[in-house]
Amino acid sequence: DFIRMSEKCEEILSDLVTECNLTPEASDVLDEQSAVLLGLYSNDAVFAAQKVHLYIFEPIEEAIGEELFGEEWLNELTNNELALTLVRTMEDFMGDLEIFLDELMVGKTLDA
């Protein structure tokens, strides 16, 4: 995940600066490129978080997509069975997001 990757990158950068005899110019270039790399990591993390919904709704669509708002749903499924399935599945995915993503990325996912 992004947080651990960025922390590891900063740790490696710190180790390089500590253990190597870098010129001030080389140290500046290393800092600059490290910032670029962290920016790329951040952008990738946000992009991935914004695409999570595709993987959340795909199994829902496969499971109940054709039945939702169809004739059977209208006339026979009067206890909201499909709506309950939809809500439970969304709650399950939301729980997974809250476990595996940090709060900022959960927000990015929900904003998408």
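**Helix α5 and the nonpolar core**

Visitor: What covers the buried residues of α5?
Guide: The cover includes α2 and α4. Cover is judged by contact, which means heavy atoms within 4.5 Å. The helices themselves are DSSP runs numbered from the N terminus (H or I, at least four residues; strands would be E, at least two).

Visitor: On what kind of structure do these statements rest?
Guide: This is a predicted model, in which local features need pLDDT of at least 70 and side-chain atom pairs count only at pLDDT 80 or more, whereas totals for chains, interfaces and linings use all residues. Residues are numbered from 1 along each chain as its sequence is written, and side-chain values use heavy atoms, with hydrogens and water left out.

Visitor: Why is Thr 109 called buried?
Guide: Buried means under 20% relative accessible area, exposed means over 50%, and partly exposed lies in between (1.4 Å probe, protein chains only). Thr 109 has a relative accessibility of 8%, so the residue counts as buried. Thr 109 belongs to helix α5, and beyond four places in sequence this residue touches Ala 49, Val 52, Leu 97 and Leu 101.

Visitor: What makes the buried residues of α5 line one face of the helix?
Guide: The residues concerned are Met 105, Val 106 and Thr 109. Viewed down the axis of α5, they fall within an arc of 105°, so they line one face; the arc is taken over the directions from the helix axis to the C-beta atoms. The face turned away from this buried side carries the exposed residues Glu 103, Leu 104, Leu 110 and Asp 111.

Visitor: Which class does Lys 108 fall into, and why?
Guide: Lys 108, also in α5, has a relative accessibility of 29% and therefore counts as partly exposed. Apart from residues up to four places away in sequence, Lys 108 is in contact with Val 46, Ala 49 and Gln 50.

Visitor: How is the packing of α4 against α5 described?
Guide: Two packed helices are described by the angle between their axes and the distance between the axes. The axes of α4 and α5 (residues 103–111) come within 8 Å and cross at roughly 145°. Such axes are lines fitted to C-alpha atoms, for helices over the stretch in contact, with angles running from 0 to 180 degrees between N-to-C directions. Met 94, Leu 97 and Glu 98 of α4 meet Val 106, Thr 109 and Leu 110 of α5.

Visitor: What makes Val 52, Ile 56, Ile 60, Ile 64, Leu 77, Leu 82, Leu 97 and Val 106 a nonpolar core?
Guide: A nonpolar core is a set of buried Ala, Val, Leu, Ile, Met, Phe, Trp, Tyr and Cys residues joined through side-chain atoms within 4.5 Å. These eight residues form the largest such core. Two or more residues come from each of α2 (24–64) and α4 (81–100), and α2 gives the most, with four. Leu 77, a member of this core, touches Glu 72 and Leu 82 when residues up to four places away in sequence are not counted.

Visitor: How do you know whether Ser 34 and Pro 24 of α2 are buried or exposed?
Guide: Ser 34, found in α2, has a relative accessible area of 10%, so this residue is buried. Leaving aside neighbours within four places in sequence, Ser 34 contacts Cys 9 and Leu 13. Pro 24, likewise in α2, has a relative accessible area of 58% and is therefore exposed. Pro 24 and Leu 13 are 11 residues apart in sequence and 14 Å apart in space, C-alpha to C-alpha.
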